[in-house]
Amino acid sequence: MSDTRMFLDASGSAPLTPRVTDALRAGFAEGWADPNRLHAESRRARALVDGARGAIADVIGTQSEYLHFTASVSLAFERVITGVGAARRGRDRIVASAIERDAVLDAANFVTKGAVDLVPVDRLGHLDLETLSTFTSHPATAMAAVQHANHEVATVQRLADVAAVTSQHSVPLIVDATASIGHLESPQHWDGLVANPADWGGPAGLGVVALRPQTRWLQAWPDGDPWAPGGISVPLALAAAVALQERVEDRERIATRLSSYVDEIRAAIDGLEDVAVIGDNTERLPHVLTAAFLYLDGEPLVSRLDRAGIAVGSGSACGKATFEPSRVLEVMGALTHGNLRIGLHPGVTQEDVRRFIGILPRVIADVKSDMGVFGS
């Protein structure tokens, strides 16, 4: 195994930079007190949380009082979907794209007791707007849940067109921006939004929810903090804000560089036998790529690359088991088992990418040999 490891699985979580780890340490040093109390130590902790909330709200494009922290991304989806559902009394159906995260669909099915209308996508992952219109026109529809960009295949949805449909039928649009904030310009078309600090290089263990001032939301739980019962970690909130500021300061340059690396990997993969890159090559995230390999399984590919010092992803990026078949790829009509997912972070270099490109054919050949596959 190489002495220098490469982490190429930054779709959902990325390494913390020195600036972010410094912020995390500062948060532990200065924000250890309960921010809900009145003494000086608590006021200092509260100031850190408020500053973090304001910084993230500025990037997302909302006011800080309408931005909330939760203890996880899954809880963020549960809270926003349940709260909007509670405010839409008498409407017991939710519309969602068929390639939404498991956390979104789980929350939607819980709220509606299974009354979730799934909108299909085309082979590139774009939503069928005609079906979306049919479903959102139903008088029992409480909300529509549509992602900004897909965390597995990188396809970016045309949210302006989606919002035109949902607003026509007066249906709130809940946008999953967990794969796009910090990588793309923040989406403008949403009534509720969920973001994931770990995806933009912040620490794990924190979710972000943003609401528009006009979005109706009702607390559906006992008294207490409706978003983060028991409170949230001050150090995590501070580090998340610093990580996002660091990303957006140089976002366009980073996106251009990582996108060129993805293009280089795509070109190399296109030259291999029995493999296809999935998703839209134009309307996409700059740092994510998934390829499907005929005759191969994802697990041995990941394991052999890991032994070579390269961390990549496979299977479902949002599933409950690491190597379960990808529901997203299945919905798109692509191969579900033999897939390889690449997620680049700003620390990846062109040398890293070319090393990966050089190693990949040998790894594929070794896996084929192990599986007894000797040709197409």
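The paragraphs below lead through a predicted model, beginning with a run of neighbouring strands and then turning to unusual backbone angles, enclosed cavities and open pockets.

A good place to start is strand 6, which covers residues 173–176 and has both of its faces covered. On one side sit Leu173 and Val175, on the other Ile174 and Asp176, and all of these residues are buried. The arrangement can be read with a general rule in mind, namely that in a regular strand the side chains alternate between the two faces of the sheet.

Strand 6 has partners that can be followed one after the other. With strand 5, residues 141–147, strand 6 pairs in the parallel sense over four bridges, and within this pairing Val146 has Val175 of strand 6 as its bridge partner. To get from strand 5 to strand 6 the chain passes through helix 6, residues 159–168, and this β-α-β crossover is right-handed. Strand 6 also pairs in the parallel sense with strand 7, residues 192–195, here over three bridges, and the bridge partner of Val175 in strand 7 is Leu193. Val175 is thus a useful residue to find in the picture, since it is bridged to Val146 and to Leu193.

The loops on the way from strand 5 to strand 6 hold two residues whose backbone angles deserve attention. Most residues other than glycine have a negative phi. Ala154, in the loop between strand 5 and helix 6, has instead a positive phi near 75°. Ser170, in the loop between helix 6 and strand 6, likewise has a positive phi, of about 55°, although it is not a glycine. Are these two residues buried or exposed? Ala154 has a relative accessible area of 1%, and because buried means under 20%, it is buried. Ser170 has a relative accessibility of 54%, and because exposed means over 50%, it counts as exposed.

Ala154 leads on to the enclosed spaces, of which there are three cavities of 30 Å³ or more. Ala154 is one of the residues that line the second largest cavity, which has a volume of about 40 Å³. Others in this lining include Val153, Val262, Arg266, Asp280 and Thr290. Helix 8, strand 9 (275–278) and strand 10 (288–293) each supply at least two residues of this lining, and the largest share, three residues, comes from strand 10. By class, the lining of the second largest cavity has seven nonpolar residues, one polar residue and three charged residues.

Helix 8, residues 251–270, also gives the largest share of the lining of the largest cavity, with four residues. That cavity holds about 60 Å³ of space, and the residues around it include Gly182, His183, Arg247, Pro286 and Pro346. Six residues of its lining are nonpolar, two are polar and two are charged.

Which residues lie nearest the centre of the largest pocket? They are Asn36, Arg46, Asp225, Gly231 and Ile232, out of a lining of 15 residues. The elements that give two or more residues to this lining are helix 2 (40–60) and strand 2 (67–70), and helix 2 gives the most, with three residues. The space in the largest pocket comes to about 300 Å³, and its lining divides into seven nonpolar, four polar and four charged residues.

The second largest pocket, with about 240 Å³ of space, is also lined by 15 residues, and those nearest its centre are Gly12, Val73, Ser74, Arg101 and Asn196. Two or more residues of this lining come from each of helix 3 (73–87) and helix 4 (102–112), and helix 3 gives the most, with three residues. The lining of the second largest pocket divides into seven nonpolar, six polar and two charged residues.

A last stop is Ser314, found in the loop between strand 11 (310–311) and helix 10 (327–331). Its relative accessibility is 5%, and because this is under 20%, Ser314 counts as buried. What lies 2.5 Å from a polar atom of the side chain of Ser314? It is the backbone oxygen of Asn339, and so this buried serine can be located in the structure together with Asn339.

Notes: Residues numbered from 1 in each chain as written. Predicted model: local features only at pLDDT ≥ 70, side-chain atom pairs only at ≥ 80, totals over all residues. Heavy atoms only, no water. 1 Å grid on protein atoms, 1.4 Å probe; cavity = no way out; pocket = protein on both sides within 12 Å on 5 of 7 lines; lining within 4 Å. Points joined across faces, edges and corners; volume = space filled by probe spheres on them. Nonpolar A, V, L, I, M, F, W, Y, C, P; charged D, E, K, R; others polar. Buried < 20%, exposed > 50% of the residue type's maximum accessible area, 1.4 Å probe, protein only. Polar contact = N/O pair within 3.5 Å; in protein donor to acceptor, adjacent residues only side chain to side chain. Pairing = 2+ DSSP bridges. Right-handed = clockwise from strand over helix to strand, strands pointing away.
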